[in-house]
Amino acid sequence: MATSTFSDRPRKILVLFDVDGTLTPARQAASPEMIELLKELRKKVVIGFVGGSDLVKISEQLAVSGEPVINTFDYAFAENGLTAFKAGKQLESQSFIKYVGEERYKVLVNFILHYLADIDIPIKRGTFVEFRNGMINVSPIGRNASIQERIEFEQYDKQHGIRAAFVKVLKEKFADYGLTFAIGGQISFDVFPNGWDKTYALRHVQDEGFEEIHFFGDKTYLGGNDYEIFTDERTIGHSVQSPLDTARILKELFF
């Protein structure tokens with residue numbers, strides 16, 4: 001039996017979602033139809049999101065009518081669960097900088113910045129390295145790119161493998177750091193300690209007694225930031241191509 005926290009749900013099932021490309025178009029807000037579907041789903045099962053972005057960015061995409069996102073989802077896992085909420089209450093968090101250490105972090109970020117400076121791509125904008133609580137996010141084009149620029153870079157990256165090549169170099173250069181480099185979204189990749197991928201979120205739910213844990217994500221391929229939790233033996237994974245795909249599968253499974 002799941003704990004009394006969720007005793008109002010008819011089914012002792014947890015459904016977790018990636019955000020970008022799964023619940024929303026990348027870095028855009030969820031549609032009213034998706035929000036309504038999640039609201040109805042929550043009457044049946046326990047729901048949560050597992051995003052790589054920080055809570056502020058995810059809230060911009062999923063918040064409804066000013067209602068805090070930590071209240072509209074039963075579990076809110078930002079930065080892969082390194083910032084975590086259950087039923088609106090914050091759980092224990094982790095720190096990337098404490099794990100790596102200031103000196104080793106400087107070596108890592110200096111190398112990244114030099115590499116970024118030497119990459120020749122059609123356009124560059126700003127915010128190439130974003131420091132978060134549990135990870136850093138690296139973007140060759142820069143996180144300040146517009147939506148259209150993000151779409152164009154994603155297509156360019158599919159042809160030229162900019163992010164994949166960057167990740168390969170970092171894995172070789174910093175093999176002794178104990179870090180994972182995971183491509184996610186349209187324009188960037190995340191860097192975090194081994195084991196701090198999205199499966200980290202599962203440690204927050206493992207004692208709840210759920211009969212099933214479903215996970216929906218779009219970057220479920222090897223090297224994608226949904227891969228580890230998608231393939232984890234504790235989850236039932238669903239690989240999706242878009243929010244519409246997510247909605248279709250949810251309706252087939254739970255309605």
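Helix α9 gives four residues to the lining of the second largest pocket, the largest share there. Helices here are DSSP runs of H or I with at least four residues, strands are E runs of at least two, and both are numbered from the N terminus. A pocket is an open set of points on a 1 Å grid over the protein atoms alone, with protein on both sides within 12 Å along at least five of seven lines, and a lining residue has an atom within 4 Å of a point. This model is predicted, so local features need pLDDT of at least 70 and side-chain atom pairs pLDDT 80 or more, while totals for chains, interfaces and linings use all residues. Residues are numbered from 1 along each chain as its sequence is written, and side-chain values use heavy atoms, without hydrogens and water.

Let's stay with this pocket. Its space is about 160 Å³, a volume being the space filled by probe spheres set on grid points joined across faces, edges and corners. Its lining includes Leu 23, Met 34 and Leu 244. By class, nine lining residues are nonpolar, one is polar and two are charged. Here Ala, Val, Leu, Ile, Met, Phe, Trp, Tyr, Cys and Pro count as nonpolar, Asp, Glu, Lys and Arg as charged, and the others, Gly among them, as polar.

Now for the largest pocket, with about 250 Å³ of space. Among the residues closest to its centre are Glu 154 and Lys 158. Helix α6 (residues 147-160) gives the most to this lining, three residues. The lining holds four nonpolar, four polar and six charged residues.

How values were computed. 1 Å grid on protein atoms, 1.4 Å probe; cavity = no way out; pocket = protein on both sides within 12 Å on 5 of 7 lines; lining within 4 Å.
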